[in-house]
Amino acid sequence: MDFFVQILVGGLSIGFLYGLSAMGFVMIFKSSSVLNFAHGELLAIGAYFFLAFVTWAKLPILLSFLLALAACFLLGIIIERILLRPLIGEPLIFVIMLTVGLAAMFKGLILLLWGGNLFTYPDFLPKALGVQWGIVRIPPVYGATLIIGTVFLVLFGLFFKFSSQGIYMRSVADNQRAALSLGVHVKRVFALSWAIAALVAGMSGIVLGIINGVNVHDLSAIGLKVFPVVILGGLDSIGGAIIGGIIIGLLENFTSGYLSPSLRDVVPYVVLVLILLLKPYGLFGLKEIERV
Amino acid sequence: MHPCGNFRERYEQEIKVFSTDFGRLWAGVGFVLLLAVVPLLATPYTLYIVNTIGIAAIAVIGLNILIGFTGQISLGHGAFFGVGAYAAAILSTALGLPLIVSVPAAGLITALIGMIFGIPSGRLKGLYLTIATLAGQFIIEYVLIHWESLTQGTMGITLPPARLLGLPIRGDLGFYYLIFASLAGMGWIAVNLVRTRYGRAFIAIRDNDRAAEGMGIPIFRYKLLSFGISSFYAGFAGALWAYYMGSITAEPFNLGLSVEYIAMVIIGGLGSISGSIFGAVFITLLNEGLRFMTGILMNWGFISQSGLNIAPLREFVFGLAIVLFILLEPRGLAELWRIVRSNFRLWPFSY
Amino acid sequence: MDRMLLQLNNVSVVYSDVIQVLKGVSLSVENNRIVSLLGSNGAGKTTTLKAVSGLLKPENGKVTDGTILYRGKEIQNQSPETITRHGIIQVLEGRQPFKYLTIEENLRVGTATRWGKPYRQDLEKVYHYFPALWERRRGLAGYCSGGELQMLVMGRALMAHPELLLLDEPSLGLAPLVVKEIFRIIRQINEEEGTTIVLVEQNARMALQIAHYGYVMENGKIVMEGLAGDLCANPDIREFYLGLSAAGNVKSYTEVKSYRRRKRWL
């Protein structure tokens, strides 16, 4: 029972993180229909930014965290400005392959700068974040994950629901032509969605780094798990991404706990194929209304 | 010589492979030179590189049929290449099949496995195939490593020496002939395939799948067919590679290889069979060049002392090459070649 | 010059570098007027509007010749973001709502050109013109009827405080009573807000009833212009667009010989 609960808690918080990082992915997909294959590298970049600020620059934790997020935000804008904007109007396949190239570039760059070793952050989380209820023990990391994740989720929810810029972003995702006719800055929306996606990805990367340590290969592999997550949740549903993430996280943890640890990393992809076969638009996705 | 302007009057003229006899002649001469002269000039190392290029080119031609002609991306071709290699290895060791049977059979097996991953995505419009093949990549990698009774896991499989129709194929030179005969054959099939109704259906799907469907092209069947064909090419190339290497493990068939193939397709030129070969040449040479450079740089004292690891430079340069080609010359080396050629043809009078 | 809000001088538009749709269109729109643009399908009415609003660019179209002056300044081939900020808003043909946004959120997108400024009063104004929207303001636009959607997209455009409103076929596919209501509101907006309106319509009769001035397009050219009342009285217009014979009887569509129109005008 103890084991079961540990696995459950671990799976939930990892899954929550998957969901959060998938949220950024969905945002890019919704606004510009681009599948971002560099998502894992964005996670890794966030984690390494934080690492650099904490261990090299020796800045305080909170400041480093905010700086790392700001840097990711900026990076997102730069990527959109320099690499993706020239491709507006080109076939989507080019844009998607550009992200494949980008992924290789980023990964090579990180390996060049930091190498493939595992880094750990200094232990800074207050012990009070951990909770002990009888046999259930939640380590501080998971507590922190849940708090940070929830804060972000609520913030973004409010942003998209009520702020004007959030509504403009949704309008572009909905009907780009109409948004353009009303003077919505579509390019700015693209840049903003990349920026926010990079920020959320960076945040997830940092938290994953706190849990598992920082390593490019691991983080970029986790980045590819957004695909099972978003296919499960429906490619265009932000809420679906969170739930899909939690399901995948639980599934992984239970597989490695009860079946075999090596199976852990393929289970999400088996689920992906099954979902594509059985329920191709995901559990929560909107079936596209096609008009010729 | 090329006529100036478009004087084609019939569809047959439009789909001609060589627009003039002159071009046909040059292609023939080049082919003969390739077969006769290269082996004479080559050292074992250059032959090894040329062979690697040839094998990659076969796989990339297949991938180009999928990406360049049908407009679907596969991120699993590295794994499919591996499936071909393992299929050939298992067929030749466990069943004792000869090369001439096992290589095409390996291609067919790969095509079948590829189509299994293609089925769910074929039903959907858009780029679901990409995602399904990504899953395929990971699942196949896992199976290759963990199905030990079949693949012998991390131990790998050693193949019997290759024999073709009773003749032993020895050394890099023997394989050079085998590989280039295969490349010529597979290239010829591909060039002609894209001129048939199948090729035209693929292009129609690429350009507008809704319109293609409206014109009565069963897009699911054709997408799957295209995917099967391209997996066949990958499997075929993988099988040749297995024989060439003599022994295989699952290690090289990772996502990195898939990305490498995609890079070859893009850099070579989407939708161009000759471009696929250019892409294979470019990336393989880039690869070797970088390896060479890394070797030199590592010997420089200050770099090896600084602890900087140069090896990832390869990955970075790959990515950079993909990005730059997409931004600057999205139609790849094939287009650059065409421009160079027409400049030569018109020089010194550009009109 | 003061009274002229918009002037097109000899404007040519080419799509994808090969298809010429407008062949030297010249027209002018005075302040506070409703100008109606008539013509058959494919005459280039919508393209004219898009040339003004800058929406040609995403469709690979381009103004290759001539000038478009707005308040005396050239605006041809500017980006839609810039042009909408001059106060020119186009309402697209075929009602393009944001399906997954609520009515009120749809309206708020209309504030994009004035981002950061208060919009409460504008919302009230739109609900004043279109009371039907108020009742459904929390509902998703995807579930609205065609009439409601037309009101929605017009209201959305009003949110931007347009000086020049380009309306593309507001009556498309609507019931006659709804069309009447829509046209009444168009007139009302023009009178109360002082908004200048360019109205593209197939429904020539309705359009000429509310317009002050009219242009007729054929094959990418302006073939006739005049005060709305004069156009209504013109025998050719009566025959070709209003479906009336010289004697004033209603003719069936098949009897109207389009080749005669081409012969006489082109």
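Which residue takes a positive phi just after H4(A)? Keep that question in mind as you look through these close-ups of a predicted model.

**View 1. The end of helix H4 in chain A.** The residue is Gly115(A), whose phi is about 75° and which follows directly after H4(A). The helix itself covers residues 92-114 of chain A. Its 23 residues, at 1.5 Å a residue, should span 33 Å, and because the end C-alpha atoms are 33 Å apart, the expected and modelled spans agree.

**View 2. Where chain B meets chain A.** Here 35 residues from chain B and 34 residues from chain A make up the contact. On the chain B side, look for helix H5 (99-122), helix H6 (128-146), helix H12 (255-268) and helix H15 (313-328), each of which supplies at least two residues. Sorted by class, the side of chain B that touches chain A holds 26 nonpolar, six polar and three charged residues.

**View 3. Where chain A meets chain C.** In this contact, 16 residues of chain A face 25 residues of chain C. Helix H6 (164-174) and helix H7 (176-181) of chain A are the elements giving two or more residues to the chain A side. H6(A) provides the largest share, six residues. By class, this side of chain A has seven nonpolar, six polar and three charged residues.

**View 4. Confidence in chain C and in the model.** Chain C has a mean pLDDT of 85, with 90% of its residues at 70 or more. Where pLDDT is low, the predicted coordinates should not be read in detail. For the model, the scores are ipTM 0.84 and pTM 0.81.

Technical notes:
Residues numbered from 1 in each chain as written. Chains lettered and ligands numbered in written order. Predicted model: local features only at pLDDT ≥ 70, side-chain atom pairs only at ≥ 80, totals over all residues. Contact = placed C-beta atoms within 7 Å. Helix = DSSP H or I, 4+ residues; strand = E, 2+ residues; numbered from the N terminus. Nonpolar A, V, L, I, M, F, W, Y, C, P; charged D, E, K, R; others polar. pLDDT = per-residue confidence, 0-100. Expected span 1.5 Å × (residues − 1).
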